[in-house]
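This briefing covers the fold, the sheets, a pocket and a few single residues of one protein chain. Please keep the sequence and the model in view while reading.

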Amino acid sequence: MSTTVPQPDSSRRRFLARQLRWLLAGTLAVLATPLLRFAGFTVKPKPRYVTVNKMLPPGSVHTEHDFILFVADTGGRAISRRCTHLGCRVNYRLELGIIECPCHQSQFSPEGTRLAGPAQRNLATFPVRVLKDDQGAISGYEVTL
Ligand code: FES
């Protein structure tokens with residue numbers, strides 16, 4: 001007379017072990033994300049392109065939501081409108097030739113260099129690409145934010 005010992009359901013055990021491994025991996029990923037961010041690892045955001053679709057004469061200034069575009073003979077220079085003090089939106093004061101923050105009156109040069117006020121850092125600058133039409137004439141500007 002032989003007795004049969006019930007065999008464990010091996011496929012069920014494998015399934016549960018696999019689920020446990022995925023749960024463990026997910027938990028580690030969730031726990032590691034804030035640690036990596038704390039350690040300084042950040043994902044750089046994708047660049048955003050803003051196009052100014054018109055030819056501007058050299059020496060002119062064009063203001064957009066996020067930047068001020070200064071046009072020169074050789075191209076353009078885009079300065080961020082986000083104040084480095086507390087983030088207010090700065091404006092170009094044509095009569096004074098400076099960029100000024102309306103919140104606490106920090107002042108910056110047209111190159112974005114800090115001149116006065118509570119802001120301690122210069123304004124950010126963005127790369128500008130001059131767009132040309134088929135004849136080679138300037139047709140606009142592309143600013144990479
Ligand atoms: S936010 Fe611009 S000076 Fe304070």
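The points below run from the whole chain to its sheets, its largest pocket and three individual residues.

The model is predicted. The chain has 1 helix and 11 strands, and its radius of gyration is 29 Å, where a compact globule of 145 residues would have one near 15 Å. Two open sheets of 4 strands are described here, one with the order β2-β3-β4-β9 and one with the order β5-β6-β7-β8.

**Overall fold**

- Along the sequence, the elements follow the pattern α-β-β-β-β-β-β-β-β-β-β-β.
- The C-alpha trace spans about 105 × 45 × 20 Å along the principal axes of the chain.
- Of the 145 residues, 23% count as buried.
- If contacts are limited to residues at least 6 apart in sequence, 35% of them join residues at least 24 apart.

**Sheet β2-β3-β4-β9**

- This open sheet of 4 strands has antiparallel pairing.
- Its edges are β2 (61–63) and β9, and each has a single partner strand, so one side of each is left without a neighbour in the sheet.
- Strand β3 (residues 67–72) pairs with strand β4 (residues 75–80) in the antiparallel sense, over 6 bridges.
- A hairpin of 2 residues connects β3 to β4, and A72 stands opposite G75 in β4.
- Strand β4 also runs antiparallel to strand β9 (residues 125–126), to which 2 bridges join it.
- Between these two strands, A78 has F126 of β9 as its bridge partner, while I79 has T125 of β9.

**Sheet β5-β6-β7-β8**

- The second open sheet of 4 strands also has antiparallel pairing.
- Its edges are formed by β5 (91–93) and β8 (114–116); each of these has a single partner strand, so one side of each is left without a neighbour in the sheet.
- Strand β5 is joined to strand β6 (residues 98–100) by 3 bridges, and the two run antiparallel.
- The bridge partner of R93 in β6 is I98.
- Strands of a sheet pair through backbone hydrogen bonds, either parallel or antiparallel.

**Largest pocket**

- The largest pocket holds about 250 Å³ of space.
- Its lining consists of 14 residues, and those nearest the pocket centre are D66, S80, R81, R82 and F126.
- By residue class, the lining divides into 5 nonpolar, 4 polar and 5 charged residues.
- F126, one of the residues nearest the centre of the pocket, is also the bridge partner of A78 in the pairing of β4 with β9.

**Residue G75**

- G75 is placed in strand β4.
- Is G75 buried or exposed? G75 counts as buried, because its relative accessibility is 10% and the cut-off for buried is under 20%.
- Apart from residues up to four places away in sequence, G75 touches F70 and V130.
- From G75 to L115 the separation is 40 residues in sequence and 24 Å in space, C-alpha to C-alpha.

**Residue Q105**

- Q105 lies in the loop between β6 and β7 (107–108).
- What is notable about the phi of Q105? Phi is near 60 degrees, a positive value in a residue other than glycine.
- Most residues other than glycine have a negative phi.
- Q105 is partly exposed, because its relative accessible area of 44% falls between the 20% and 50% cut-offs.

**Residue E142**

- E142 sits in strand β11 (residues 138–144).
- With a relative accessible area of 17%, E142 is buried, since the value is under 20%.
- Which residues does E142 contact beyond its neighbours within four places in sequence? The contacts are Y49, V50, T51, P127, V128, R129 and L131.

Definitions and conventions. Residues numbered from 1 in each chain as written. Predicted model: local features only at pLDDT ≥ 70, side-chain atom pairs only at ≥ 80, totals over all residues. Heavy atoms only, no water. Buried < 20%, exposed > 50% of the residue type's maximum accessible area, 1.4 Å probe, protein only. Contact = heavy atoms within 4.5 Å. Pairing = 2+ DSSP bridges. 1 Å grid on protein atoms, 1.4 Å probe; cavity = no way out; pocket = protein on both sides within 12 Å on 5 of 7 lines; lining within 4 Å. Points joined across faces, edges and corners; volume = space filled by probe spheres on them. Nonpolar A, V, L, I, M, F, W, Y, C, P; charged D, E, K, R; others polar. Rg over C-alpha atoms; globule rule 2.2 N^0.38 Å.
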